[in-house]
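Here's a quick tour of some charged pairs and one strand residue. Have the structure open while you read.

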Amino acid sequence: MAKKQESVLLRETSNGVATLTLNRPAQRNALSDALIGALNAALSEIAGNSDIKLVVIRGNGPVFCAGHDLKEMRAADSDGVHRTLEACARMMTGIVNLPKPVIARVHGIATAAGCQLVASCDLAIAADDARFATPGVNLGVFCSTPMVALSRNVSRKHAMEMLLTGEMIDAATAARFGLINRAVPADELDAAVDELATTICSKSALAIEFGKAAFYKQLECGLKEAYEYAGAVMLRNMMSHDGGEGIDAFIEKRRPAWTGT
């Protein structure tokens with residue numbers, strides 16, 4: 001009897017946190033079409049699941065994610081590569097548009113589209129021995145799609161340095177560049193991610209949803225438009241049940257009872 005093939009994406013949910021584990025360790029968790037498709041399907045389901053408040057993305061095996069599956073892409077024709085890039089873009093934008101925060105838990109390496117994945121997540125905590133790169137230039141293929149997420153997270157000159165040299169940077173440098181929130185000792189990585197997730201999950205899910213969407217939208221606006229938009233969002237938030245409950249609890253010096261409405 002043939003051995004059942006394990007899923008390329010593992011999923012576990014606990015205490016309102018959905019953990020998505022890239023599960024192609026022998027391929028360094030390269031983003032194959034199957035893995036990208038599984039991530040897109042999971043994100044789509046999670047978006048409408050009120051029981052899930054936060055997502056953690058991690059990798060199985062020695063690395064977080066080494067980027068696209070280049071063997072698969074090299075074997076494809078132009079249409080096939082185009083479909084892969086489109087599906088990957090949907091996945092990356094799906095993380096940004098997801099109404100729940102997404103934390104990247106990074107160990108080993110995150111290169112090319114793997115680095116793009118880190119940059120696309122709302123937050124990222126890395127082991128202090130993790131390394132990052134956009135090395136496409138070394139292969140004669142500039143990391144143009146990873147550039148989109150990278151340039152929206154780090155300064156232009158830091159992004160260009162990574163893109164033009166293709167060289168690895170360590171976790172301390174990634175934190176200094178703004179690619180990750182912080183680096184922690186490898187044996188403290190899970191605890192650091194859990195602590196951050198627990199803190200965020202203790203807040204109003206409605207406020208988090210309003211705030212995440214507003215954060216990304218206002219970045220694309222001019223200053224006047226950004227204030228007008230953010231003001232409208234804040235008004236809706238303050239008029240919600242959770243908005244009123246939070247203010248009342250502060251005034252009454254008690255813990256708020258969130259309903260997510």
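What follows is a short look at salt bridges and one residue's surroundings in a predicted model.

Let's start with the headcount: searching the whole structure turns up 8 salt bridges. Three of them are listed here, with the N to O distance for each pair.

| Salt bridge | Closest N and O atoms |
|---|---|
| Arg-11 with Glu-45 | 2.6 Å |
| Arg-58 with Asp-190 | 3.7 Å |
| Glu-228 with Lys-224 | 2.5 Å |

Take the pair Arg-11 and Glu-45, whose closest N and O atoms are 2.6 Å apart. This one ties together distant parts of the chain: Arg-11 belongs to strand 1 (residues 9-14), Glu-45 belongs to helix 1 (residues 33-47), and 34 residues separate them. As for solvent, Arg-11 is partly exposed with a relative accessible area of 38%, and Glu-45 is also partly exposed, at 37%.

Next up is Arg-58, which bridges to Asp-190 with closest N and O atoms 3.7 Å apart. Here too the pair links distant parts of the chain, with Arg-58 in strand 3 (residues 54-59) and Asp-190 in helix 8 (residues 189-201), 132 residues apart. Arg-58 comes out as partly exposed at 25% relative accessibility, and Asp-190 is partly exposed at 37%.

The pair Glu-228 and Lys-224 sits within one helix: both are in helix 10 (residues 223-238), and because they are 4 residues apart there, about one helical turn separates them. Their side chains meet in a salt bridge at 2.5 Å, N to O. Is Lys-224 buried or exposed? Its relative accessibility is 62%, so Lys-224 counts as exposed. Glu-228, at a relative accessible area of 47%, is partly exposed. There's also a shared-partner case to flag: Arg-58, Arg-105 and Asp-190 are joined into one network by salt bridges that share partners.

Now for Thr-21, which is placed in strand 2 (residues 17-22). Why does Thr-21 count as buried? Its relative accessible area is 13%, and buried means under 20%, so Thr-21 falls in that class.

Which residues does Thr-21 touch, leaving aside neighbours within four places in sequence? The contacts are Val-8, Leu-9, Leu-10, Arg-58, Gly-59 and Asn-60. Arg-58 is worth a second look, since this contact of Thr-21 is also the salt-bridge partner of Asp-190.

How values were computed. Residues are numbered from 1 along each chain as its sequence is written. This is a predicted model: local features need pLDDT of at least 70, side-chain atom pairs count only at pLDDT 80 or more; totals for chains, interfaces and linings use all residues. Side-chain values use heavy atoms; hydrogens and water are left out. Helices (H or I, at least four residues) and strands (E, at least two) are DSSP runs, numbered from the N terminus. Buried means under 20% relative accessible area, exposed over 50%, partly exposed in between (1.4 Å probe, protein chains only). Contact means heavy atoms within 4.5 Å. A salt bridge is a side-chain nitrogen of Lys or Arg within 4 Å of a carboxyl oxygen of Asp or Glu.
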